[in-house]
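Colleague: I would like to learn how to read a protein model feature by feature. Where do we begin?

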Amino acid sequence: LAAFLAGQDHPGLQTGRKPWGRELHMAFLYPGETDPWRAGAARLAAEIPAFAEAMADLDGPLRRTAALTADRVLHDGTVWDQPSAASPSLVAVQLALTTWWRTCGVGPQVAVGRGHGELAAAAAAGILGVDDALRIAAALASGDGARAVGEVPHREAVLPFVSALDGRLYRGRDLPTDHWLDCGNSGGGWESALVGLGDRRPNVWLHLGAASLECPGAVVAAT
């Protein structure tokens, strides 16, 4: 983003013009990998104050549901070594990124999740509350998922949610509660999610992972 604003070239930057009359349809991709965030979370917080502020807003939910703090998620690398802490931490940083992108005027028309990233995607789509998404993430990683999942209500989605586990598009209450017991499996990958999108297939995909730390989200395809 800094390179774009400065009019400079960058290996991770591509620009172009939207064809006249074609609306952009954007999907946010929420991956399930946690390892890249070990260093990525602190780096983003240092470079993007608004991301750090969005994480601070999640401090309360993190304390209530996972015995974590926003500061630990951002600055304590050992958090990412513990599955019961890494999973809710992943959900938190992805939701903070979603908030930051939306404050920049960039929002999804569909949320696509993979692995435990599905929980962040479902929260971004309005199906899960933030506390519920974090609580399920912590419970699944600690082996207590069945109890946590059984207590969670699903809301009507504010935007479509697509699971990479089964390739289906959900609108909230049509999503089985036991779906979360299997969401740690990657399913068929991002390709399987295309099946559920049908004619809603986006022409821009924003990957909310830390694999590319030059940008807090990478546009992986624009068609």
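Modeller: We begin with one pair of charged side chains. This is a predicted model, and in it the side chains of R135 and D132 form a salt bridge, with N and O 3.1 Å apart.

Colleague: What is the general idea behind such a pair?

Modeller: Side chains of opposite charge can pair when their charged atoms come close. In this case R135 and D132 both belong to helix α8 (residues 130-142), and because they are three residues apart there, about one helical turn separates them.

Colleague: Are R135 and D132 buried or exposed?

Modeller: R135 is partly exposed, at a relative accessible area of 29%. D132 has 15% and is buried, because buried means under 20%.

Colleague: How many salt bridges does a search of the whole structure find?

Modeller: The search finds eight. Another of them joins E156 and R173, at 3.7 Å from N to O. E156 sits in the loop between α9 (145-150) and β3 (161-163), and R173 in the loop between β4 (169-170) and α10 (190-197), so this pair ties together parts 17 residues apart in sequence. E156 is partly exposed at 45% relative accessibility, while R173 is exposed at 64%.

Colleague: Which residue forms a salt bridge with R38?

Modeller: D81 does, and the closest N and O atoms are 2.5 Å apart. The two lie in distant parts of the chain, 43 residues apart: R38 is in helix α2 (residues 37-47), and D81 is in the loop between α5 (70-75) and α6. R38 is partly exposed, with 34% relative accessibility. There is also a network of salt bridges here, linking D35, R38 and D81.

Colleague: Let us turn to the chain as a whole. What does its secondary structure come to?

Modeller: It comes to 10 helices and six strands. The chain has 223 residues, and 49% of them are buried. Among contacts between residues at least 6 apart in sequence, 67% join residues at least 24 apart.

Colleague: Which residues touch the most other members of the largest nonpolar core?

Modeller: They are F51, M55, L119 and W180, in a core of 59 residues. Helix α6 (residues 83-103) gives the most to this core, with 11 residues. Take M55 as a case: leaving out residues up to four places away in sequence, M55 touches L62, A70, V73, L74, A92, V93 and A96. There is also a second, separate core of nine residues, with V162, L169, A193 and L197 among them.

Colleague: Does a helix such as α6 hold anything else to look at?

Modeller: S89 is in helix α6. S89 is buried, at 0% relative accessibility. Beyond residues up to four places away in sequence, S89 touches L68, V73, V79 and W80.

Colleague: How do I read two helices that pack together?

Modeller: Two packed helices are described by the angle between their axes and the distance between the axes. For helix α3 (residues 49-57) and helix α4 (residues 59-66), the axes come within 4 Å and cross at roughly 40°. That angle makes α3 oblique to α4.

Colleague: Which residues of α3 and α4 meet?

Modeller: M55, A56 and D57 in α3 meet D59, P61 and L62 in α4. By class, this contact has four nonpolar residues, two charged and no polar ones.

Colleague: How many residues of helix α7 are buried?

Modeller: Eight of the eight residues of helix α7 (residues 117-124) are buried, so the helix is largely enclosed by the rest of the structure. The buried residues are G117, E118, L119, A120, A121, A122, A123 and A124. Among the elements that cover them are β1 (26-30), α6, β2 (110-113), α8 and β3. After α7 comes G126, whose phi is positive, near 90°.

Colleague: Can we take one residue of α7 as an example?

Modeller: A121 lies in helix α7. A121 is buried, with a relative accessible area of 0%. Apart from residues up to four places away in sequence, A121 touches Y30, A111, V112, G113 and F161.

Colleague: How far apart are A121 and L29 in sequence and in space?

Modeller: A121 and L29 are 92 residues apart in sequence, and their C-alpha atoms are 7.7 Å apart in space.

Notes:
Residues numbered from 1 in each chain as written. Predicted model: local features only at pLDDT ≥ 70, side-chain atom pairs only at ≥ 80, totals over all residues. Heavy atoms only, no water. Core = buried A, V, L, I, M, F, W, Y, C linked by side-chain atoms within 4.5 Å. Buried < 20%, exposed > 50% of the residue type's maximum accessible area, 1.4 Å probe, protein only. Contact = heavy atoms within 4.5 Å. Salt bridge = Lys/Arg side-chain N within 4 Å of Asp/Glu carboxyl O. Axes fitted to C-alpha atoms, helices over the stretch in contact; angles between N-to-C directions. Parallel < 35°, antiparallel > 145°, perpendicular 65-115°, else oblique. Nonpolar A, V, L, I, M, F, W, Y, C, P; charged D, E, K, R; others polar.
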